[in-house]
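Visitor: Please take one residue as a starting point and walk me closely through the part of the model around it, then set that part in the context of the chain.

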Amino acid sequence: MIKLNTVEIIEIIKKQIPKVMNIKPVELKFTDDFGRASLAATEHKFTLTNQHYSAKVMDCVLETQVRPILMCEIIYFLKCEFIDGHVDVRLDYEACSEEGRGPVASAVITFDHATELGVEELADLIDLALHMNDKTWFEELSSQYVKTKAGASIR
């Protein structure tokens, strides 16, 4: 699992836009112009997620125009970066934030671990996770190792 923050998401979008759309943005900025009357009219925080697929969430400022970026495009750009990953994007807006400040953006990229690894391969990866001091990966692999070993003894 990979977690991305606002800055990391923007950097990936900056990298992917020229590749995918063959345009070079001058500036990328989040917007609250997605069909909601006004942020000031809300009293609470609200969130946009993958379900808000067609919401305009960003402006891509070009030399001569401003092009809207939709939530679905952000998801697509992240999928281009993490090809085998499942992307969940979240934009948290706060109604009382200072003017001009965009949402707090985050993304979680998960990967399908449907590939069946044997006990030996998992043991090797556990050793690697220990060597790299990656506690999260170690715990994921250890859990998978226990399940795989239990499943192998049942067969």
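**A residue in the first helix and its surroundings**

Guide: Once its neighbours within four places in sequence are set aside, Gln-16 is in contact (heavy atoms within 4.5 Å) with Met-21, Phe-77, Cys-80 and Glu-81. The model is predicted, so local features are reported only at pLDDT of at least 70 and side-chain atom pairs only at pLDDT 80 or more, whereas totals for chains, interfaces and linings use all residues. Residues are numbered from 1 along each chain as its sequence is written, and side-chain values use heavy atoms, with hydrogens and water left out.

Gln-16 belongs to helix H1, where helices are DSSP runs of H or I with at least four residues, strands are runs of E with at least two, and both are numbered from the N terminus. Its relative accessibility is 5%, so Gln-16 counts as buried; the classes are buried under 20% relative accessible area, exposed over 50%, and partly exposed in between, with a 1.4 Å probe and protein chains only.

The setting of Gln-16 is the packing of H1 (residues 6-21) against helix H2 (residues 71-81), whose axes come within 9 Å and cross at roughly 85°. These axes are lines fitted to C-alpha atoms, for helices over the stretch in contact, and angles run from 0 to 180 degrees between N-to-C directions. H1 and H2 are therefore roughly perpendicular to each other, a class that covers 65 to 115 degrees, with under 35 roughly parallel, over 145 roughly antiparallel and the rest oblique. From H1, Ile-9, Ile-12, Ile-13, Lys-15, Gln-16, Ile-17, Val-20 and Met-21 take part, and they meet Glu-73, Ile-74, Tyr-76, Phe-77, Leu-78, Cys-80 and Glu-81 of H2. The residues of this contact divide into 11 nonpolar, one polar and three charged, with Ala, Val, Leu, Ile, Met, Phe, Trp, Tyr, Cys and Pro taken as nonpolar, Asp, Glu, Lys and Arg as charged, and the others, Gly among them, as polar.

At the other end of H1 lies Thr-6, which, apart from neighbours within four places in sequence, is in contact with Phe-30, Pro-103, Val-104 and Ala-105. The C-alpha atoms of Thr-6 and Ala-105 are separated by 4.5 Å, although the two residues are 99 residues apart along the chain. Beyond H1, in the loop between H1 and S2, is Asn-22, a residue other than glycine with a positive phi near 60°. With 69% relative accessibility, Asn-22 counts as exposed.

H1 and H2 also feed the largest nonpolar core, a set of 29 residues in which Val-57, Ile-74, Val-89 and Leu-91 touch the most other members. H1, strand S2 (27-30), strand S3 (45-49), strand S4 (56-61), H2, strand S6 (85-94) and strand S7 (104-111) are the elements that give two or more residues to this core. Such a core is a set of buried Ala, Val, Leu, Ile, Met, Phe, Trp, Tyr and Cys residues joined through side-chain atoms within 4.5 Å. Among the residues that Val-57 touches, not counting those up to four places away in sequence, are Phe-30, Leu-48, Ile-69, Ile-74 and Leu-91.

For the chain as a whole, there are four helices and seven strands, in the order β-α-β-β-β-β-α-β-β-α-α along the sequence. Buried residues make up 31% of its 155 residues. Of the contacts with a separation of 6 or more, 57% join residues 24 or more positions apart.
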